[in-house]
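The exercises below are meant to be worked with the sequence and the coordinates open side by side. Please try each task before reading the solution that follows it.

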Amino acid sequence: MATVSLTPQVVFSTESGGALSSATILRFPPNFVRQLSTKARRNCSNIGVAQIVAAAWSDRPAARPNSGGGGGGRARGVASSHAAAASAAAVAASAAAEVSAIPNAKVAQPSAVVQAERKLLGSDASLAVHAGERLGRRIATDAITTPVVNTSAYWFNNSQELIDFKEGRHASFEYGRYGNPTTEALEKKMSALEKAESTVFVASGMYAAVAMLSALVPAGGHIVTTTDCYRKTRIYMENELPKRGVSMTVIRPADMDALQNALDNNNVSLFFTETPTNPFLRCIDVELVANMCHSKGALLCIDSTFASPINQKALTLGADLVIHSATKYIAGHNDVIGGCVSGRDELVSKVRIYHHVVGGVLNPNAAYLILRGMKTLHLRVQCQNNTAMRMAQFLEEHPKIARVYYPGLPSHPEHHIAKTQMTGFGGVVSFEVAGDFDGTRRFIDSVKIPYHAPSFGGCESIIDQPAIMSYWDSKEQRDIYGIKDNLIRFSIGVEDFEDLKNDLVQALEKV
Ligand SMILES: Cc1ncc(COP(=O)(O)O)c(C=O)c1O
């Protein structure tokens, strides 16, 4: 008898046209009532709900091993309702024939769910809206949105269940630092968009970098990085890594000879670079550097924050790991801080294990905000790509602008690389105004729509003068890294292009 999975929670026969077959033998779980959802308990006369619950329980296979990556809890595995089943049926119908064995949610095998999801959701747009939630969600609810599970710990029915958990026969999270169902849904969505086997979400983009470097670079190891990057990342690498005996070669973004030299003369563990970089939006040829690194046994980690997974999928180009400051495009609303590391399970597991010990946990409420933000990631990024491209072209022609840095412009030194490895050039345009420190300051103080603030990637446009915002404390560092007094970083939001342009035009008159 063929079976069709509507959700991981609900499995029933096709031969009865969507109803339970009379041949189905229902076994009732011992804690049957507790496992019903609130709605199901209210409608306890509804035998259909009971049938679904019982059928799901009856069908459950053995628990997947506790890999440390989280798993389903007791309530996650069973309760559902007609509403959930009916709505799931509509979406799952086309995939159902091939996806005949999505297991019970309590013990869901992510690969089966993920496979089903990726078959059903063919594009970034559908993945951004539904991945991690439509089929694979382990939280029992008929709500469209993934609930925020505010808990610090998870309980066990008895010692045997705990022992089963410890030995990998019962899936749970045990403790909030080790995982959370809301965060897990977010991790799945991110993995789907980055085409990653696994993702770990953490409290900030900085901590994502720190956890990745701590877990994957051994004491005494050597890393390579680039001159142009987020300043705090550089400060961490310069000040903290030497305490573990980790040394570093810093290369200019386009200097492939310097990279080869560093790989030839050191036992390099990892090359860590942004692309595009902060603030000059330099682009590194991911495929090329992946090959160079791999031939020397080094890993490649790309900070893809400026690109977002909509514009660039570095794992598919050969990178081993991708990190994001989810604070930026991923969450997209300037209202939450978070970060993530995506890549092969073998590598991400090491980061996860480190993170489970050290902490840096993403709060479940923050996870929800990021999950919600991601549903419009593709729309926001497409809008930001378009407006930024038009803005870069407009600024390049403006007499009060000395230079524009935008990978979409043919004048950009890595335009040829950006064109081949990105599907859009992002929402940040950096430029130098034709003026001195004070003229630039007058310009930035005159813009009325963008906020004068740090950060980028959100719905609200943000503008800043890096000489003040990020480098005020060190003229020496400004000189080393080419941060001129007249440099502006402009993060374009989702406002109208003409409104933003008119605002800049009036502000440029003050230079
Ligand atoms: C490229 C890049 N990576 C990482 C970070 C750090 O992220 P977070 O602020 O979420 O810690 C930033 C912050 O601006 C950034 O620009």
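**Exercise 1. Two residues with an unusual backbone**

Is Asn-334 buried, partly exposed or exposed, judged by the other C-beta atoms within 10 Å?

Solution. The model is a predicted one, and the values used here are computed from it. Begin with the position: Asn-334 belongs to the loop that connects E8 and E9. Next, count the neighbours: 19 other C-beta atoms lie within 10 Å of Asn-334, and Asn-334 is therefore partly exposed, since the class of buried residues begins at 20. Then turn to the backbone, where Asn-334, although not a glycine, has a positive phi of about 50°.

Now carry out the steps for Glu-174, and state where this residue lies.

Solution. Glu-174 is located in the loop between helix H7 (159-166) and helix H8 (181-194). Its phi is also positive, at about 70°, and Glu-174 is not a glycine either. Here the count gives 20 other C-beta atoms within 10 Å, so Glu-174 is buried. As background, most residues other than glycine have a negative phi, and most peptide bonds are trans.

**Exercise 2. Peptide bonds in one loop**

Find the geometry of the peptide bond from Thr-275 to Pro-276, and do likewise for the bond from Asn-278 to Pro-279.

Solution. For the bond from Thr-275 to Pro-276, omega is near -10°, and the bond is cis. For the bond from Asn-278 to Pro-279, omega is near 5°, and this bond is cis as well. To place them, note that Pro-276 is part of the loop between E6 and H12, and that Pro-279 is likewise assigned to the loop between E6 and H12.

**Exercise 3. The two sides of helix H11**

Determine which residues of helix H11 (residues 256-265) are buried, and how they are arranged around the axis.

Solution. First, the buried residues of H11 include Leu-259, Ala-262 and Leu-263. Because these residues cover an arc of only 95° around the axis, they lie on the same side of H11. Second, look at the face turned away from that buried side, where the exposed residues Asp-257, Asp-264 and Asn-265 are found. Third, ask what covers the buried residues: the cover includes strand E4 (222-226), strand E5 (247-251), strand E6 (268-274) and helix H12 (286-295).

**Exercise 4. The sheet of 7 strands**

Trace the order of the open sheet of 7 strands, and identify its edges and the helices that lie across it.

Solution. Reading across the sheet gives E3-E9-E8-E7-E6-E4-E5, with mixed pairing. The edge strands are strand E3 (198-202) and E5, each of which pairs on one side only. Ignoring direction, neighbouring strands of this sheet are turned by 20° against each other on average. At the E3 edge, E3 and strand E9 (residues 339-343) run antiparallel and are joined by 5 bridges, and Thr-199 is placed opposite Ser-342 in E9. Finally, add the helices: helix H9 (residues 205-216) lies across E3, E6, strand E7 (299-303), strand E8 (321-325) and E9, at about 45° to E9, while helix H14 (residues 345-358) lies across E3, E8 and E9, at about 25° to E3.

**Exercise 5. The sheet of 5 strands**

Work out the order of the open sheet of 5 strands, and say which strands stand at its edges.

Solution. The order is E10-E11-E14-E13-E12, and the pairing is mixed. Strand E10 (401-405) and strand E12 (451-452) each have a single partner strand, so one side of each is left without a neighbour in the sheet. Between E10 and E11, which run antiparallel, there are 4 bridges, and Arg-403 stands opposite Glu-432 in E11. Helix H18 (residues 437-446) lies across E11, E12, strand E13 (462-464) and strand E14 (487-491), at about 135° to E11.

**Exercise 6. The surroundings of the ligand**

How many residues surround the ligand, and which are the closest?

Solution. The shell consists of 14 residues, and the closest are Ser-204, Gly-205, Met-206, Ser-325 and Thr-327. Sorting the shell by class gives 4 nonpolar, 8 polar and 2 charged residues.

Key. Residues numbered from 1 in each chain as written. Predicted model: local features only at pLDDT ≥ 70, side-chain atom pairs only at ≥ 80, totals over all residues. Buried ≥ 20, exposed ≤ 12 C-beta atoms within 10 Å, placed from the backbone. Arc of directions from axis to C-beta. Contact = placed C-beta atoms within 7 Å. Near = placed C-beta within 6 Å. Nonpolar A, V, L, I, M, F, W, Y, C, P; charged D, E, K, R; others polar. Pairing = 2+ DSSP bridges. Axes fitted to C-alpha atoms, helices over the stretch in contact; angles between N-to-C directions.
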